[in-house]
Amino acid sequence: MTATLEQRLDAFRRLDDVKLTFARRDWFPGTSGNLSIKIQDEPLQFAVTASGKDKTKLSPEDYLVVDGDSRPVDATSLKPSAETLIHAVVYQKFPQAGACFHVHTVWNNLISELYFGQRAFSIQGQELIKGLGIWEENARITVPIVENFADIPTLAAAIEKVITPEIPGVLIRNHGIYAWGGNDFEAKRHLEAFEFLFEYHARWLQLRQAVVSTTTN
């Protein structure tokens, strides 16, 4: 059974909203990044951004629907984003996920490189951790980081090994972040929380270094 026209158009409309919101924050440099919203589970089908499109603009050919193997469900000249397979991995591993967003920012790239040696980035006691749905007192989160493999199946397999239900995101070294949620609203909230935490920590490191330099001179 394939998704109905109404389901597709609804997913495309919601992707438009998310795309323009992120574009205003300059989270899609050089047409990078990709977004998806799940339409149905059985069989798996989701709407995903088409490859090579300017994500600061809207057009009738911004999205297409693909299956669990990342293949278009209809004949089309559009190509899904190169990393569509990663979205499929998220939906297959976490059936409760309803949307998955991927962006490239300076802050997530810096954090992914700084902490790649540990294969994870950890932060504790920051208020925006609650944006990930984690409400414990003085909560600590650990976001996994994988190597930026050029071969997408290899990258997808590496991501599948490290992602967990507790942390709705994964960093790719010097590349970007994938974040997901039960729907597009939740996935957006998770991504915004991650990006705040990355920027906060990177700026804190800068400030700490500046203070150390001042006190030792």
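## His102 and its surroundings

His102 has its place in strand β4. This is a predicted model, and His102 makes a handy starting point for a walk through it. The UniProt annotation "binding site", from an unreviewed entry, covers His102 and His104; such annotations may be inferred rather than shown by experiment.

Is His102 buried or exposed? Its relative accessible area is 0%, and because buried means under 20%, His102 counts as buried. Setting aside neighbours within four places in sequence, His102 is in contact with Phe28, Gly33, Asn34, Leu35, Glu83, His175, Gly176, Ile177 and Tyr178. Two of these names will come back in the strand β1: Asn34 stands opposite His102 in β4, and Leu35 stands opposite Phe101 in β4.

## The sheet as a whole

Let's zoom out to the sheet. It is an open one, formed by 8 strands in the order β3-β2-β1-β4-β8-β7-β6-β5, with mixed pairing. At its edges are β3 (63–67) and β5 (120–124), each of which pairs on one side only. On average, neighbouring strands of this sheet are turned by 20° against each other, with direction ignored.

As a reminder, strands of a sheet pair through backbone hydrogen bonds, either parallel or antiparallel. The next two sections go through some of the pairs found here.

## Strand β1 and its partners

Strand β1 (residues 34–40) pairs with strand β4 (residues 99–103) in the antiparallel sense, over 4 bridges. With strand β2 (residues 45–49), β1 also pairs in the antiparallel sense over 4 bridges. Here Ser36 stands opposite Val48 in β2, and the two strands β1 and β2 form a hairpin with 4 residues between them.

How many residues of β1 are buried? The count is 7 of its 7 residues, so to speak a mostly covered strand.

## Strand β8 and its partners

β4 and β8 pair in the antiparallel sense over 5 bridges, with Ala99 standing opposite Gly181 in β8. β7 and β8 pair in the antiparallel sense as well, over 4 bridges; the bridge partner of Ile172 in β8 is Gly176. A hairpin joins β7 and β8, with 3 residues between them, and Asn174 in the turn has a positive phi of about 50°.

In a regular strand the side chains alternate between the two faces of the sheet. Which residues of β8 are buried on each side? Gly176, Tyr178 and Trp180 are buried on one side, and Ile177, Ala179 and Gly181 on the other, and both faces are covered. The count for β8 is 6 buried residues of 6.

## Helices on the sheet

Helix α3 (residues 106–114) lies across β4, β5, β6 (140–146), β7 (169–172) and β8 (176–181), and runs at about 75° to β7. Helix α4 (residues 152–162) packs on the sheet too, where it touches β6 and β7; the direction of α4 makes about 160° with that of β6.

## Nonpolar cores

What lies at the heart of the packing? The largest nonpolar core has 42 residues, and those with the most contacts inside it are Phe22, Phe101, Phe121, Ile141 and Phe194. Helix α5 (residues 184–216) gives the most to this core, with 8 residues. A second, separate core has 26 residues, including Ala50, Ile86, Ile152 and Ala158.

Phe121 is worth a closer look. Apart from neighbours within four places in sequence, Phe121 is in contact with Ile111, Tyr115, Ile141, Thr142, Val143, Ile145, Leu171, Leu197, Phe198 and His201.

## The N-terminal part

Helix α1 (residues 5–24) has 20 residues and reaches 29 Å from its first C-alpha to its last, close to the 28 Å expected at 1.5 Å a residue. Its buried residues are Arg8, Ala11, Leu15, Val18, Lys19, Thr21, Phe22 and Ala23. After α1 comes Asp26, with a positive phi near 60°.

Thr2 sits in the segment before α1. With 46% relative accessibility, Thr2 counts as partly exposed. Not counting residues up to four places away in sequence, Thr2 touches Arg8, Gln40 and Gln45. The C-alpha atoms of Thr2 and Val73 are separated by 8.0 Å, although these residues are 71 residues apart along the chain.

Methods:
Residues are numbered from 1 along each chain as its sequence is written. This is a predicted model: local features need pLDDT of at least 70, side-chain atom pairs count only at pLDDT 80 or more; totals for chains, interfaces and linings use all residues. Side-chain values use heavy atoms; hydrogens and water are left out. A nonpolar core is a set of buried Ala, Val, Leu, Ile, Met, Phe, Trp, Tyr and Cys residues joined through side-chain atoms within 4.5 Å. Buried means under 20% relative accessible area, exposed over 50%, partly exposed in between (1.4 Å probe, protein chains only). Contact means heavy atoms within 4.5 Å. The expected span of a helix is 1.5 Å times one less than its number of residues. Two strands pair if DSSP finds at least two bridges between them. Axes are lines fitted to C-alpha atoms, for helices over the stretch in contact, and angles run from 0 to 180 degrees between N-to-C directions.
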